[in-house]
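Dear colleague,

Please find below the structure I am handing over to you. My notes on it follow directly after.

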Amino acid sequence: MTAVAERKAAAPGQRVRGRKMPGQKRMLGASVMILVGAFLPWLYTPLGNFTGMNGPGLWTATVGMLALAGALVPLRRLAIGQALIAAAVAVVIPVWQFWHMFSLVGFAGWMPGPGLLLTAVGGLLCGIAAWQLLNLEVAEG
């Protein structure tokens, strides 16, 4: 039974709580990881720490909010789209950042920070959540 049918079947005074689809809780956790990772240091260098908000973290914070919205929206296709966009951006940007720094100087004098790792792992979790939502079988009542 769909959420709309459950609301119509409920008595007028009763509240019906919507269920979360499988993958939405994972996407909620991933959005928190992406958002926190955007504010933490992405690179440790002798010149100081560089947070994600000095550059690409702005993009990842934006898609972190998009993933948060996808975790809360009751529409399956919309949640899948939001999870895929968030996964793509939150994985590609940290991997590019790591590869760019590695190709410039190798590992001499810098080290990846926790923000870079949290953002990338949050993106992977968003991808897993999108896969779960995509393969969700709708129960016929």
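The notes below cover confidence, the nonpolar core, one buried threonine and the aromatic rings.

This is a predicted model, in which local features need pLDDT of at least 70 and side-chain atom pairs count only at pLDDT 80 or more, while totals for chains, interfaces and linings use all residues. Residues are numbered from 1 along each chain as its sequence is written, and side-chain values use heavy atoms, with hydrogens and water left out.

The mean pLDDT (the predictor's confidence in each residue, from 0 to 100) of the protein chain is 86, and 84% of its residues reach 70 or more. Among its elements, helix 5 has the highest mean pLDDT (95) and helix 1 (residues 3–9) the lowest (53). Helices are DSSP runs of H or I with at least four residues, numbered from the N terminus.

The largest nonpolar core (buried Ala, Val, Leu, Ile, Met, Phe, Trp, Tyr and Cys residues joined through side-chain atoms within 4.5 Å) has 18 residues. Helix 2 (24–39), helix 3 (57–72), helix 4 (76–105) and helix 5 each supply at least two of them; helix 4 gives the largest share, six residues.

T119, in helix 5 (residues 114–134), is buried (under 20% relative accessible area, 1.4 Å probe, protein chains only) at 0%. Its contacts (heavy atoms within 4.5 Å), not counting residues up to four places away in sequence, include M33, W42 and P94.

Ring pairs (Phe, Tyr and Trp, the last by its six-membered ring, with centres within 6.5 Å) link F98, W99, F102, F107 and W110 into a cluster.

Kind regards

Definitions and conventions: Helix = DSSP H or I, 4+ residues; strand = E, 2+ residues; numbered from the N terminus. Buried < 20%, exposed > 50% of the residue type's maximum accessible area, 1.4 Å probe, protein only. Phe/Tyr/Trp six-rings, centres within 6.5 Å; stacked < 30°, edge-to-face > 60°.
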